[in-house]
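Trainee: I am new to this structure. Please take me through a close look at its largest pocket, and then show me what lies elsewhere along the chain.

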Amino acid sequence: MTAPTVPTAPTAPSPRSARPGSAPAPASTQAPGASRPGSPDLLRSVFRQHAAGVAVITAQDGGRPVGFTATSLNSVSADPPLLSFTIGTGASSWPAVRDSEYLGVHILGEHQRELAGLFARSGADRFGPPTGWVAGPRGVPVLDGVLAWLVCRVVARVPAGEHRVIIAEAVVGDPAGEGRPLLYHQGRFNALRD
């Protein structure tokens with residue numbers, strides 16, 4: 001006995017898949033508005049429209065805590081429990097991230113806009129008062145008052161232009177913080193609205 005076939009809806013050709021010299025795609029399949037060629041400016045402009053969660057990544061650098069604000073945090077796999085984020089190789093925290101086996105990942109709440117800004121500012125004393133933190137598992141700095149945190153083991157550092165995509169496996173953490181998440185949108189840290 002064979003399974004019944006399921007009819008599928010016809011699909012329109014993609015405007016990008018048209019062969020040279022062929023007729024353009026029907027108007028209903030073309031992108032709205034004026035398109036612009038790919039560029040760093042276009043990518044930045046598009047991602048200003050993308051609301052992202054805000055995290056702080058921490059590490060130890062010769063016994064000194066370092067960290068930075070990241071909006072590129074992604075869940076990669078549940079089994080094994082992997083996540084990723086990116087960091088520029090010119091960032092002050094890059095040498096510590098490059099050399100550390102373990103890193104801290106902290107999900108910030110809407111009450112932590114100032115903390116997000118502090119860890120995003122170049123040259124700031126990120127771990128001085130009023131930043132609350134403790135040396136956590138594997139000596140990784142763990143921030144106080146966050147919505148959730150993980151200590152992760154780095155499994156890969158993948159080159160991507162002037163950045164590196166860091167892939168790390170969750171080792172230990174706590175998801176039980178209270179509050180609502182902080183978002184990054186249109187170049188600003190924002191509270192989630194109902």
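Mentor: What follows starts at the pocket and then moves on to other parts of the chain. Keep in mind that this is a predicted model.

Start with the space itself. Rolling a probe the size of a water molecule over the atoms shows where empty space is left. Here, the largest pocket has a volume of about 1,000 Å³. Its lining is made up of 27 residues. Look for Thr 71, Ser 72, Thr 86, His 163 and Tyr 184, as these lie nearest the centre of the pocket.

What classes of residue make up the lining of the largest pocket? Nonpolar residues number 12, and polar residues number 12. Charged residues add 3.

Now see which elements build the lining. Helix 1, strand 3 (64-70) and strand 5 (82-88) each supply at least two residues. Helix 1 gives the largest share, with 4 residues.

Stay with helix 1 for a moment. The helix covers residues 40-47, and Phe 47 belongs to it. Phe 47 has 49% relative accessibility, so it counts as partly exposed. The upper limit for that class is 50%. Phe 47 also takes part in a nonpolar surface patch, together with Leu 43 and Val 46. The patch measures about 300 Å².

Strand 3 and strand 5 were named as lining elements. Gly 67 is worth finding next. Gly 67 and Phe 127 are 60 residues apart in sequence, yet 8.5 Å apart in space, C-alpha to C-alpha. Phe 127 sits in the loop between helix 3 and strand 7 (133-135). Is Phe 127 buried or exposed? Its relative accessibility is 12%, so Phe 127 counts as buried.

That loop holds something else. Pro 129 and Pro 130 are joined by a cis peptide bond, with omega about 10°. Pro 130 lies in the loop between helix 3 and strand 7. A second cis bond joins Asp 79 and Pro 80, and there omega is about 5°. Pro 80 is in the loop between strand 4 (74-77) and strand 5. Most residues other than glycine have a negative phi, and most peptide bonds are trans.

Phi deserves a look too. Arg 138 is not a glycine, but its phi is positive, about 60°. Find Arg 138 in the loop between strand 7 and strand 8 (141-143). Arg 138 is exposed, because its relative accessible area is 58%. Gln 186 is not a glycine either, and its phi is positive at about 55°. This residue is in the loop between strand 11 and strand 12 (188-191). Gln 186 has a relative accessible area of 33%, so it is partly exposed.

Now turn to charge. Side chains of opposite charge can pair when their charged atoms come close. The whole structure holds 5 salt bridges. Three of them can be traced here, one by one.

Begin with Glu 110 and Arg 180. They form a salt bridge in which the closest N and O atoms are 3.6 Å apart. Glu 110 is in the loop between strand 6 (102-107) and helix 3 (113-120), and Arg 180 is in the loop between strand 10 (163-174) and strand 11 (182-185), so the pair ties together parts 70 residues apart in sequence. Both ends are partly exposed: Glu 110 has a relative accessible area of 27%, and Arg 180 has 29% relative accessibility.

Next come Arg 153 and Glu 169. Their side chains meet in a salt bridge of 2.9 Å, N to O. This pair links distant parts of the chain, 16 residues apart: Arg 153 is in strand 9 (residues 148-160) and Glu 169 is in strand 10. Arg 153 counts as partly exposed at 30% relative accessibility. Glu 169 counts as partly exposed as well, at 22%.

Finish with Arg 98 and Asp 99. They form a salt bridge too, with the closest N and O atoms 2.9 Å apart. Arg 98 is at 40% relative accessibility, so it counts as partly exposed. Asp 99 is exposed, because its relative accessible area is 55%.

Key:
Residues numbered from 1 in each chain as written. Predicted model: local features only at pLDDT ≥ 70, side-chain atom pairs only at ≥ 80, totals over all residues. Heavy atoms only, no water. Patch = residues over 30% accessible without salt bridge, like charges linked within 9 Å, V, L, I, M, F, W, Y side chains within 5 Å. Areas by Shrake-Rupley, 256 points an atom, 1.4 Å probe, with all protein chains shown as cover. Salt bridge = Lys/Arg side-chain N within 4 Å of Asp/Glu carboxyl O. Buried < 20%, exposed > 50% of the residue type's maximum accessible area, 1.4 Å probe, protein only. 1 Å grid on protein atoms, 1.4 Å probe; cavity = no way out; pocket = protein on both sides within 12 Å on 5 of 7 lines; lining within 4 Å. Points joined across faces, edges and corners; volume = space filled by probe spheres on them. Nonpolar A, V, L, I, M, F, W, Y, C, P; charged D, E, K, R; others polar.
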